[in-house]
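User: I'm new to reading protein structures and would like a close look at one part of this one. Could you pick a spot inside the sheet, walk me through what surrounds it, and then show me how that part fits into the rest?

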Amino acid sequence: MPGLAADQDAVSLVRRVSRALNRRLSDLVGLLFHHKSAGSLGAVAGFAIAVVFAWKFLRSSPARPRRPPGPKRPLVGPAAPDSAARDAAEPANPGKLTTWQIVVKRLGGCRKVTCQLLGVVFEEITPQELQTHATVRPSVVELLLEIAKYCDLYLMETVLDDKSEENALLALESAGLFKTGGLMKEKVLFCSSEVGRTSFVRQLEADFHIDTSLDIISQLSRFIRCQLFVSSIEGGQLAGNVFNSPSLEQFFS
């Protein structure tokens, strides 16, 4: 474009003049030191001042041609929430929440959950039954997978022998609970007493614990943010941070 070419020529000229003036100033400084007479000093000084002002004027010229302003960009609003939070806040069907949305709502921001296996995840309810077999309740599989996606989930149980541990892990694996990556075998913990289960929960610093033992629930109520006591019998005078439900799936329904 002709206008842009003319601007570039002007800029090139300014730069050449600036370099020439820089050299001239250096020569003038040397001349002032070599000519000691008052007349020559005054004439040279006057010329130097004039050159300095001219040089400053040329230096103040724009170094680059200005581009015409482009179209204004629209103002950017607040960042959109992540898909998880958005799905929880805006259900596709307001009349029915998804399992994910129910999990987010029920856990109330708790991001580390510990859960007993017997009577909650398994059909079996005693350690003696676990010695011979373990059966995952079909109704809790999807729920556990969603909980494992939302938070750090640990499963735990009190067992009597190594065979019980093998039966438990095999049942969990057969139900597909280790396929998504949210829940791993390393997050299934076993101990030999209820004291050990209580210790697990405290060491993991869980935000939410799920158990069928009222003794464990009572002992942990001072240390855990929220708990779920799974029992068909009312828990009596439970602490204010303890929920009561006949089953895990009914609490998250």
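Analyst: **Starting from one residue**

T114 is buried, with a relative accessible area of 0% (buried means under 20%, exposed over 50% and partly exposed in between, with a 1.4 Å probe and protein chains only). Before we go on, two bits of housekeeping. This is a predicted model, in which local features need pLDDT of at least 70 and side-chain atom pairs count only at pLDDT 80 or more, while totals for chains, interfaces and linings use all residues. Residues are numbered from 1 along each chain as its sequence is written, and side-chain values use heavy atoms, with hydrogens and water left out.

So where does T114 sit? You'll find T114 in strand β1. Strands here are DSSP runs of E with at least two residues, and helices are runs of H or I with at least four, numbered from the N terminus. Leaving aside residues up to four places away in sequence, T114 touches Y154, M156, V201, L204, A206, F208, H209 and I210 (a contact means heavy atoms within 4.5 Å).

**The strands around it**

Try following β1 (residues 112-116) across to β2: the two run parallel, and 5 bridges join them. One pair to look for is V113 with its bridge partner in β2, L153. Another strand that runs parallel to β1 is β4, joined to β1 by 3 bridges. There, C115 has I210 of β4 as its bridge partner. Two strands count as paired if DSSP finds at least two bridges between them.

Now for β2 itself. Strand β2 (residues 152-158) has 6 of its 7 residues buried, so β2 is largely enclosed by the rest of the structure. β2 also pairs with β3 (residues 188-191), in the parallel sense and over 4 bridges. L155, for instance, has V188 in β3 as its bridge partner. To get from β2 to β3, the chain passes through helix α7 (residues 162-174), making a right-handed β-α-β crossover. Right-handed means that, with the strands pointing away from you, the path from the first strand over the helix to the second runs clockwise.

Zoom out a little and you see an open sheet of 6 strands with parallel pairing, in the order β3-β2-β1-β4-β5-β6. At its edges are β3 and β6 (242-245), each pairing on one side only. On average, neighbouring strands of the sheet are turned by 20 degrees against each other, direction ignored (axes are lines fitted to C-alpha atoms, for helices over the stretch in contact, with angles from 0 to 180 degrees between N-to-C directions).

**The helix against the sheet**

V201 and L204, which T114 touches, also turn up among the buried residues of helix α8 (residues 194-204), together with G196, R197 and T198. The cover over those buried α8 residues includes β1, β2, β3, β4 (208-211) and α9 (214-220).

Right after α8 comes E205, in the loop that leads from α8 to β4. Its phi is near 55 degrees, a positive value in a residue other than glycine. Is E205 buried or exposed? At 63% relative accessibility, E205 counts as exposed.

**Two more loops**

Go back to β1 and follow the chain toward α5 (127-130): the loop between them holds E123. With a relative accessibility of 44%, E123 counts as partly exposed. E123 touches T135, R137 and P138, not counting residues up to four places away in sequence. From E123 to H133 is 10 residues in sequence and 9.9 Å in space, C-alpha to C-alpha.

For a loop residue that is buried, have a look at N241, with a relative accessible area of 18%. N241 is in the loop between β5 (226-230) and β6. A polar atom of the N241 side chain lies 2.8 Å from the backbone oxygen of I224. I224 is also among the residues that N241 touches, along with S221, R225, C226 and Q227, again not counting residues up to four places away in sequence.

**The whole chain**

Finally, how does all this fit into the bigger picture? The chain has 10 helices and 6 strands, and 35% of its 253 residues count as buried. Among contacts between residues at least 6 apart in sequence, 55% join residues at least 24 apart. The accessible surface is about 15,700 Å², with 57% of it belonging to carbon and sulfur atoms (areas come from the Shrake-Rupley method with a 1.4 Å probe; for residues, only the protein chains shown count as cover).

Note on methods: Polar contact = N/O pair within 3.5 Å; in protein donor to acceptor, adjacent residues only side chain to side chain.
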